[in-house]
Amino acid sequence: MPAGNSDGGQWTDGGAGSLGLFQITPRNNAVDGVQLAGDWRPDDGPPPIPPKRPETTEGRMRFVRQAAKWLRVVGRLSPAADVFIGALDQAEDLKRMTNVIKTANDPPGTLGELQARAQLPSEAGYEDHHIVGQFAQNRQQFGDERIDSWGNTVRIPTLKHLDINGWYSTPSPDYGDLSPRDYLRGRAWDEQMQ
């Protein structure tokens, strides 16, 4: 129950007086064959809120991605989204994940906007990303000052940062079956920046 209600800040069993959002009867999702538990779809309603923070990174990220996808469908400023986020905010174990979900669908910003934001104090749900990677070879090649400069650092939503790092680490035929990160190793600053 969201704070402000007589039982605010507490989990409910869904009985009388609980929020209608969590009493939505699921439609018949029967399909021929087997439907896996992971076959949740955004039009099924919000993803089930775990009773406690999932123990594995995979479990946490599955919930974060499902919640972000559902918020993209219903709209971050919709009443249903407010109720869902309010329920997440009440669960202390899920607080960090809630911040990641809230920022996942931020609109794109210009390079200048993202660079300027990285100069501000840290913000929940965001991480700073180095455009030219900060691995040892780049630090040796370009120096710490250039790697850590304001022009090489942008603040982006945590989920986008995870997606970007995953892309840079995945081998691709576009880069001779190397990961983009390995492909760029040792190349000029401008090429890595681009």
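**Exercise 1. How do helices α2 and α3 pack in this predicted model?**

Task: find at what angle α2 and α3 pack, and how far apart their axes are.

Solution.
- Start with the general idea. Two packed helices are described by the angle between their axes and the distance between the axes.
- Locate the helices. α2 covers residues 79–90, and α3 covers residues 95–103.
- Read the geometry. The angle is about 155°, and the axes lie 8 Å apart.
- Apply the cut-off. Angles over 145 degrees count as roughly antiparallel. Therefore α2 is roughly antiparallel to α3.
- Add the handedness. α2 and α3 cross in a left-handed way.

**Exercise 2. Which residues make the contact?**

Task: list the residues of α2 that meet α3, and their partners; then sort them by character.

Solution.
- Take the α2 side: I85, L88 and D89.
- Take the α3 side: K95, T98, I101 and K102.
- Sort the residues of this contact. Three are nonpolar, one is polar and three are charged.

**Exercise 3. What is the pattern of the chain?**

Task: state how many helices and strands the chain has, and give their order.

Solution.
- Count the elements. The chain has nine helices and two strands.
- Follow the sequence. The order is α-α-α-α-β-α-α-β-α-α-α.

**Exercise 4. How much of the chain is buried, and how much area does the chain expose?**

Task: describe burial, exposed area and contacts for the chain.

Solution.
- Burial: of the 194 residues in the chain, 35% are buried.
- Surface: about 12000 Å² is exposed, with 53% of it from carbon and sulfur atoms.
- Contacts: consider those with a separation of 6 or more. Residues 24 or more positions apart account for 56% of them.

How values were computed:
Residues are numbered from 1 along each chain as its sequence is written. This is a predicted model: local features need pLDDT of at least 70, side-chain atom pairs count only at pLDDT 80 or more; totals for chains, interfaces and linings use all residues. Side-chain values use heavy atoms; hydrogens and water are left out. Axes are lines fitted to C-alpha atoms, for helices over the stretch in contact, and angles run from 0 to 180 degrees between N-to-C directions. Helices (H or I, at least four residues) and strands (E, at least two) are DSSP runs, numbered from the N terminus. Angles under 35 degrees count as roughly parallel, over 145 as roughly antiparallel, 65 to 115 as roughly perpendicular and the rest as oblique. A crossing is left-handed if the near helix is turned anticlockwise from the far one by less than a right angle, and right-handed if clockwise. Contact means heavy atoms within 4.5 Å. Ala, Val, Leu, Ile, Met, Phe, Trp, Tyr, Cys and Pro count as nonpolar, Asp, Glu, Lys and Arg as charged, and the others, Gly among them, as polar. Buried means under 20% relative accessible area, exposed over 50%, partly exposed in between (1.4 Å probe, protein chains only). Accessible areas come from the Shrake-Rupley method with a 1.4 Å probe; for residues, only the protein chains shown count as cover.
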